[in-house]
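Got a minute to go through a protein model together? Have a look at the picture, and then we'll ask how each label gets earned.

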Amino acid sequence: MNDILSRRKLKAEIFRIIATISTWSSIIILIILLGNIAWDGLSKVNWTFLNNFPSRFPHKAGIKAAIWGSIWMLALVAIIAVPIGVSAAIYLEEYAKKNKLSRFIEINIANLAGVPSIIYGILGLTIFVRFFQLDRSLLAGSLTMSLLILPVIIMAAREAIKAVPKSIRLGAFAVGATRWQTIQSHVLPAATPGIFTGVILAMSRAIGETAPLIMIGALTYVAFVPENINDPFTTLPIQIYNWVSRPQVEFHHLAAAGIIVLLVVLLTMNAAAILIRNRSLKKYKW
Amino acid sequence: MNNKIIIEAKNLTLRYGKHPAIRDCNIQILKNKVTAIIGPSGCGKSTLLRTFNRMNDFIDNFNIEGEVLFEGKVINHSDMDPVEIRKRIGMVFQKPNPFPKSIFDNIIWGPKINGFIGNQQELVENCLIDAGLFDEVKDRLNSSAMELSGGQQQRLCIARAIAMKPEVILMDEPASALDPKATMKIEELIKKLKKSYTIIIVTHNMQQAARISDNTAFLYEGELIEYGKTNSIFTKPDKQQTEDYITGRFG
Amino acid sequence: MFRQINLKEKGIEIFLSLSAFVSILTTMGIITILFAESFQFFKNVSPVEFFFGTQWEPLLVPKSFGILPLLSGTLIIVAGSALISIPFGVLTAIYLSQFASEKTRNIIKPVLEILAGIPTVVYGFFALSFITPILRSILPFTEVFNAASASIVVGIMILPMVASLCDDALRSVPRSLKEGGYALGSTDFEVIKGVLIPSSFSGIMASFILALSRAFGETMAVTIAAGATPKLTINPLESIQTMTSYIVQVSLGDTPQGGIEYQTIFAVGIVLFGVTLLMNIFANWVMNRYREVYE
């Protein structure tokens, strides 16, 4: 009897150890990944690298064009996708009746979020690059990327709007507010930190995406800073891919250096998102 | 009862989907009186109350038969803008629900969006005085309403309703989430307010209804069983069911 | 006294509803484009050849358009990444939901979020510069570009998704069920195996499907690390090509628009889209069902 019990306990203990090791291995993986990149690329990150254009000579190559391309694209995507995404979320949460159509839109958005990014690339190539003849421009890339992150923004914004208690809306309606007055003055301000967090996370998705931009033809030699939305462009991940796909090891080090820059940007954005989330948790204790 | 009628329900039947919450209700609410609606939980008190300012519009499968009249006009038809109705019939909810803004903004917001152009400071102060809250908050009108106690928040919500200068104030169990002391303050306030406003209060607390109301309606399972002067309802009710309920035999 | 419903309000509502409609337009756009161009493709290539052919050489003469090599390449990646992400993901979820202290959760959760947020091109670099050399030092006959290395990084990439969705599923099991198990004198392991996993089974399954659909459509890591050799093989140490990396390959080349080579990306795209869509619809459906059960 005691023997069986101790064997059961042993099993439970072994399981617990395995689960613990599995969980902590993600941290180890992350450390190895970052360490590997730092090892390969840290020595290359310097002013010349940040301030030079790409070159076929590794020691002269830099990521200035890519940084500016990424900044441009990020700004354009924010201008295009955020208003549409937040509007759609407001509509679905505050206006749409719970009927078949709104259910269909919801399912559709969830499924769009799971469509492989390269399919968005095919969409962008056909619609924006070819049909609207935007060519390999920043605008074409940004529109494609906006469609890609729209579902993410909508879903995050909906969660944030949903978290605003119903009683606040009823309180506003009870003093004779219209729906829009209620949303504008109470729902949106209270949901803003949550929406902001979601938007930053969606943006960090946009800044790291590569495949859709390759599809629309952004993998070209760009040795200048884009000046308007019709200019061709390159972005950080595109430039990184370009270097990774070359056989020479010097270019791999450049790729690692590029990755360091990209990850610094991403981690900063993520940290900002977490900071905003924690602050708003303190401010709105419903 | 020779007073003026302000709200009237005629053959009113309310349903959530198929399930009737109120059946064929006829009731006349008198101006400048406190009317209490009592009954066991689930009897449809809140549903009836929310029909008077069309708060049930926000429930998807809610439907309504019969008529609700406000000052003689039918208000439950879809061509009637509920926003206009709610400006004139205010509401206080079960749980205090101040906006997550300053005390000042809580009160001024309603008048402001409805085009108020007078002296804001004066309006806010008057409303706070009327709601019996002014002395407690006069030094911190710009601090957040969320920092107030539950009872203070509820009086702020009453002040917010008063700010619209409504004709009627609906109160849906306004003291049920409060402690006895805060409840007492709310009750005193209601007695004071009835001079200028018509008040309809839903409560599950019979003593409260007896203490503060002029007229009482007893609802049971969606039907209006009895309606009359509070005095007579609580001392010599006509119906057996009413007597059973107020003497605590069920409910 | 009583006005009609305000015009401005109605206008705002219409504007907002149009924004929501953009998502429908996107779906319609994707479907229309993929169907229209694939239709052109299937005028020249019979569906039988496309779906059952074992050679994929659309850019060489003689051309052959059998998608099976690309499909097998994709499936190796999916299977390989499942081997990594499923056990580690489920164990992480169990640990987080059952054993971990609040403090540990606060460390592990952000780490998982970071792993999930790392761009796929970075994972590709990691595969090529770290995992592949290790594989080659252990198994010297491993090719420079190989499916195993890509599978491993794709597995790491989707692990956070499995972990967080399984965590949700495990947490949705009512406490009372768990306590019932403990009341019978069961150990942690027995409660997890006998109560928790069976009662959240559909949610766990849904998380697998969603994560694997992500692996199915993963592009950059496989393009960088798995090679560009369409090959009907089950050997993960060889160079292969997935559907996604084929599409990238075509878009990188100078393939003229309108030719049959150009149309192949739509034919491959429609298979990719169709499979991932079905997986997602199914997983979302399962997930909504289990949410309803306990809420």
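**Earning the labels**

In this predicted model, E94(A) and R169(A) bring their side chains together in a salt bridge, with N and O 2.7 Å apart.

Q: Why is the contact between E94(A) and R169(A) called a salt bridge?
A: The rule wants a side-chain nitrogen of Lys or Arg within 4 Å of a carboxyl oxygen of Asp or Glu. Here the N to O distance is 2.7 Å, so the pair passes the 4 Å cut-off.

Q: Which parts of the chain does the pair E94(A) and R169(A) link?
A: Distant ones: E94(A) sits in helix α3 of chain A and R169(A) in helix α7 (residues 166-174) of chain A, 75 residues apart.

Q: What makes E94(A) count as buried?
A: Its relative accessibility is 8%, and buried means under 20%. So E94(A) gets the label.

Q: And how do you know whether R169(A) is buried or exposed?
A: Same kind of check: R169(A) has a relative accessible area of 11%, and the cut-off for buried is under 20%. So R169(A) is buried.

Q: What makes R158(A) and E93(A) a salt bridge?
A: Their closest N and O atoms are 2.9 Å apart, and the limit is within 4 Å, so the label fits. Both residues are buried, too.

Q: Why can we say that R158(A) and E93(A) tie parts of chain A together?
A: Because R158(A) lies in helix α6 (residues 138-162) and E93(A) in helix α3 (residues 64-95), the pair joins parts 65 residues apart in sequence.

Q: Now chain B: why do R23(B) and E223(B) count as a salt bridge?
A: The N to O distance is 3.5 Å, and the rule asks for within 4 Å, so they qualify. R23(B) lies in strand β2 (residues 19-30) and E223(B) in strand β10 (residues 223-229), so the pair ties together parts 200 residues apart in sequence.

Q: What makes R23(B) partly exposed?
A: Its relative accessible area is 36%. Buried means under 20% and exposed means over 50%, so a value in between is partly exposed. E223(B), at 38%, counts as partly exposed as well.

Q: Which residues do shared partners join into one salt-bridge network?
A: E93(A), R103(A), E106(A) and R158(A).

Q: How many salt bridges are there over all chains, and how many across the interface of chain B and chain A?
A: Over all chains there are 26, but across that interface the rule finds zero. Between chain B and chain A there are five residue pairs in polar contact, though.

Definitions and conventions
Residues are numbered from 1 along each chain as its sequence is written. Chains are lettered from A and ligands numbered from 1 in the order in which they are written. This is a predicted model: local features need pLDDT of at least 70, side-chain atom pairs count only at pLDDT 80 or more; totals for chains, interfaces and linings use all residues. Side-chain values use heavy atoms; hydrogens and water are left out. A polar contact is a pair of N or O atoms within 3.5 Å; within protein, one must be able to donate a hydrogen and the other to accept it, and residues adjacent in sequence count only if both atoms are side-chain atoms. Helices (H or I, at least four residues) and strands (E, at least two) are DSSP runs, numbered from the N terminus. Buried means under 20% relative accessible area, exposed over 50%, partly exposed in between (1.4 Å probe, protein chains only).
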